[in-house]
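Colleague: I've never looked at this one before. Could you walk me through it?

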Amino acid sequence: MSRRKFDEMSEYASPADSGSARKRRRTDAVEIEDRLESLIIRVGEKSTSSLESNLEGLASVLEADINNYKGKILKILSDCAVKMPEKTTIYTTLVGLLNAKNYNFGGEFVDMMARKLKEAVKACMWKTARYVLRFFADLVNCHVISTNSLLQLLHTFLDTARDDNSPQVRSDTYVYAVLSCLPWVGRELYEKKEQDLERLLKHIEIYVRKRSRKHMPGLRVWRSDRPHPQEEYLDCLWAQICKLRSDNWQEKHIARPYVAFDSILCEALQHNIPQITLPPHHSDNTYTFPWVVFRLFDYTDCPEGPVLPGAHSIERYLIEEHLHNIIKEYHLERKQCAAVLLDFPLKHKIPLEYMIVEVVMAELFHLPVPRYLEICYGSLLIELCKLQPATMPQVLAQAVELLFDRIDTMNVCCFDRFVNWFGYHLSNFQFKWSWDDWLEAAQLDPMHPRAKFIIEVLLKAMRLSYRQRIAEVVPEQFDCFVPLKPEPVYKFSIDTADADLPGLDTAQRLESVVRAKGSTAEVLQTLAELPNPLRENEDSEPTHNPLQIQVFLQTILHLGSKSFSHAFAGISKFLKVFESIVGNNEEGQLIVLREMHDVWSTHQQMVVMLCDKFLRTQIVSCATMANWIFSKEMTSEFTKNYIWEILHGTIRKMNKHVAKLQREVNEARERRTGNESDDSSSDDEEQRPRPSEEEIERMEEKLETAQADQKNLFLIIFQRFIMILSEHLVRCDTDGRDFNTHWYRWTIGRLHQIFMMHNTQVERYSQTLSTLLFTQDLEPHILDAFNQFVALRS
């Protein structure tokens with residue numbers, strides 16, 4: 001049917017028919033847009049045709065549809081440029097071919113990417129900004145953008161290094177973006193604009209040499225540089241770029257499909273990137289934290305097959321970045337993530353298993369915190385072992401041996417993650433390991449990192465199994481490392497207790513009351529029989545009765561000792577009793593914790609879970625929990641991992657509480673200041689009452705109280721750290737002993753860990769900490785920990 005005939009028929013169509021036709025046209029348009037999106041996204045995937053022919057065909061298809069779907073095509077291409085960085089050269093080639101066919105389209109695309117760059121920089125989306133800059137750099141190779149235009153943009157980025165009024169992390173971020181795009185465009189600039197390129201590199205070299213590295217010690221996985229030097233990320237990339245320059249900008253990793261179309265692309269007219277002004281630094285801006293590049297293997301560790309690229313080869317940087325991006329893309333789907341990693345494009349040219357393990361370990365040990373939950377990396381490594389059973393388990397075992405060999409100088413944060421991951425990994429492989437290779441650890445001081453690692457791994461493994469199983473899988477020499485049998489110790493047991501023990505009779509009666517499902521009133525009545533050892537005379541009224549708390553806690557935990565659920569049920573049932581005999585009294589709360597620990601001193605997991613329960617039910621405050629951990633009674637437990645698990649859990653609980661109240665205040669303010677005449681508000685918004693000024697004030701008071709509690713918690717923790725570390729240093733100086741003991745290294749490491757793991761929250765109070773605690777007259781070893789933390793953002 002001719003187009004004219006179709007139009008004539010449409011004139012006489014009924015309104016219903018007309019509506020159907022419009023709907024059909026909209027449906028057809030959506031189908032075409034979806035097809036175009038699919039074609040663009042999938043280009044470069046495995047195909048029977050060559051990549052070049054696919055690109056040529058796709059360019060022709062897009063050119064035919066540009067008039068009708070230009071906006072959609074521009075959006076898809078610009079999204080692909082930043083969301084699929086591993087296919088940068090494919091999309092730059094496609095844009096180059098389209099620019100050669102339609103100059104205006106090329107100009108609009110460059111303008112759109114410039115806007116995307118401006119938005120990304122303004123919103124502190126640094127990875128997006130870096131990928132846009134890289135895309136611009138590669139568009140120079142495709143003759144879409146002029147070299148002068150790119151050089152001008154790169155110098156704009158580098159000019160931030162001259163700004164003395166902004167933090168170093170801001171300049172680092174911009175300089176890193178420039179360095180990271182040079183592997184793509186370095187050769188082109190070297191051939192066309194060598195002097196300009198050298199001037200650019202000199203600018204970078206001056207900046208890299210003068211920048212501060214105060215932050216670096218706190219970000220190192222190991223204190224030692226042996227066997228591999230640990231380099232800060234900008235120093236490492238600069239060294240890799242220098243090596244690339246000495247190789248005349250020749251690299252062997254980046255696929256460059258545009259080379260095949262050079263005769264077409266070189267005929268195209270080029271565009272200039274619109275002038276971009278970078279926004280000035282603002283105190284609310286967030287920048288990427290610096291990091292130290294993780295190195296575990298070198299070429300001698302990979303005995304057969306392809307050679308591992310050198311630490312300063314640009315291929316090492318490019319491959320590692322690609323692997324990190326794969327993990328970022330698929331981290332929520334461990335099976336798919338493992339499959340994509342093992343199907344890496346250049347897998348036959350590199351020792352892939354070694355590089356994958358090193359990258360996954362780099363993610364796991366990343367400081368200050370890993371990008372994703374630790375379990376993500378553990379489950380990914382298990383999937384990799386399942387998919388590649390012939391090689392991956394051996395490489396992973398080799399990695400564990402290397403980590404164990406270097407554990408003496410390992411950062412405490414990374415030590416904890418190593419313990420957690422290895423215990424979890426063993427639980428998935430029947431706890432089989434070559435334990436005999438580590439027998440010498442049995443002769444070491446239990447505080448030595450190697451001995452401590454085995455102790456903590458077995459404790460972690462016991463949480464995922466049971467004691468007898470763990471005792472059976474390790475050699476006899478490790479009996480000293482096997483955890484004690486986790487059994488409760490009931491102080492008021494009729495079989496073992498001294499007949500004169502205060503509270504014994506009451507404890508027996510209380511046990512009968514609870515077993516008979518007695519009420520809160522009956523329990524309190526039974527406890528009321530106990531005398532108060534703090535009462536000196538009839539007139540005095542102590543704030544709490546320690547004997548009451550002791551008898552009640554011991555009895556409840558004894559009766560609930562069968563499982564976690566039993567213990568939790570007992571605590572929940574008698575919350576009113578806790579409220580009555582403990583309340584907000586800190587001494588009473590400390591007795592609760594002491595008695596709980598006395599009952600379950602051989603069951604670390606139970607102690608952790610009960611501490612969490614006490615915090616949730618507000619039986620114990622966060623400040624009291626911190627004071628208990630640093631108390632004299634806990635000296636023997638102080639360096640054990642579970643203690644720090646409790647403290648970090650306490651801090652996280654406080655942080656979540658403050659964040660929740662902050663959200664509620666922000667939402668209330670938004671609802672209060674919302675436009676009452678706005679008819680576009682949703683039904684849900686209309687149903688929610690607009691809060692009054694008094695309600696918002698009450699919410700703000702609650703938030704201020706919570707923030708004061710949060711500040712107080714951090715002040716308690718840091719003050720206690722300073723006290724115990726200062727005492728240790730003075731004692732060692734007086735006795736003429738070396739202060740650098742195992743205890744000191746664990747304790748100073750835990751101080752670093754608090755700063756690192758909770759850096760966002762601690763940063764809010766850094767000024768207060770600097771004024772009250774971390775003053776310039778403080779012992780330098782302790783002050784260094786604070787200075788390294790501050791340097792993360794400076």
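What follows is a chat that goes from the overall build to single residues.

Colleague: What kind of model is this, and how many helices and strands are there in the protein?
Modeller: Keep in mind that this is a predicted model. Of its 794 residues, 50% count as buried, and the C-alpha atoms fill a box of roughly 105 × 75 × 55 Å along the principal axes. As for the elements, the count is 34 helices and 0 strands.

Colleague: What share of the contacts with a separation of 6 or more comes from residues 24 or more positions apart?
Modeller: That one looks at contacts with a separation of 6 or more. Residues 24 or more positions apart account for a share of 74%.

Colleague: Which helix gives the most to the largest nonpolar core?
Modeller: That core has 168 residues, and the members touching the most others are Phe 453, Phe 552, Phe 614, Trp 628 and Phe 774. With 13 residues in the core, the top contributor is helix 30 (residues 693-735).

Colleague: How many residues are in the second, separate core?
Modeller: Its members include Val 82, Met 113, Cys 124 and Leu 151. The size of this second core is 91 residues.

Colleague: Back to Phe 552: which residues does Phe 552 contact, leaving aside neighbours within four places in sequence?
Modeller: Phe 552 is one of the residues touching the most other members of the largest core. Its contacts beyond those neighbours are Leu 510, Val 523, Leu 527, Phe 574, Val 577, Phe 578 and Ile 581.

Colleague: Is Cys 124 buried or exposed?
Modeller: Cys 124 sits in the loop between helix 5 (103-122) and helix 6 (126-141). Not counting residues up to four places away, Cys 124 touches Asn 285 and Thr 286, and its C-alpha is 8.9 Å from that of Thr 288, 164 residues apart along the chain. Buried means under 20% relative accessible area. Cys 124 has 16% relative accessibility, so it counts as buried.

Colleague: Why is helix 4 described as largely enclosed by the rest of the structure?
Modeller: Helix 4 (residues 88-101) reaches 20 Å from its first C-alpha to its last, close to the 20 Å expected. Among its buried residues are Ile 90, Tyr 91, Leu 94 and Asn 99. Helix 4 is largely enclosed because the number of its residues that are buried is 12 of the 14.

Colleague: What is the relative accessibility of Thr 93?
Modeller: Thr 93 lies in helix 4. Not counting residues up to four places away, Thr 93 touches Leu 55, Cys 142, Pro 257, Tyr 258 and Phe 261. Thr 93 counts as buried because its relative accessibility is 0%.

Colleague: How is helix 10 oriented to helix 12?
Modeller: Their axes come within 8 Å and cross at roughly 130 degrees. The contact is made by Leu 237, Gln 240, Ile 241 and Leu 244 of helix 10 and Ile 314, Arg 316 and Tyr 317 of helix 12; these divide into 5 nonpolar, 1 polar and 1 charged. Given that crossing angle, the two helices are therefore oblique.

Colleague: And how is helix 8 oriented to helix 12?
Modeller: The axes of helix 8 (residues 168-192) and helix 12 come within 11 Å and cross at roughly 105 degrees. Among the residues making the contact are Tyr 176 and Trp 184 of helix 8 and Leu 318 and Glu 321 of helix 12. The contact residues divide into 6 nonpolar, 1 polar and 1 charged. The crossing angle makes helix 8, relative to helix 12, roughly perpendicular.

Methods
Residues numbered from 1 in each chain as written. Predicted model: local features only at pLDDT ≥ 70, side-chain atom pairs only at ≥ 80, totals over all residues. Heavy atoms only, no water. Axes fitted to C-alpha atoms, helices over the stretch in contact; angles between N-to-C directions. Helix = DSSP H or I, 4+ residues; strand = E, 2+ residues; numbered from the N terminus. Parallel < 35°, antiparallel > 145°, perpendicular 65-115°, else oblique. Contact = heavy atoms within 4.5 Å. Nonpolar A, V, L, I, M, F, W, Y, C, P; charged D, E, K, R; others polar. Core = buried A, V, L, I, M, F, W, Y, C linked by side-chain atoms within 4.5 Å. Buried < 20%, exposed > 50% of the residue type's maximum accessible area, 1.4 Å probe, protein only. Expected span 1.5 Å × (residues − 1).
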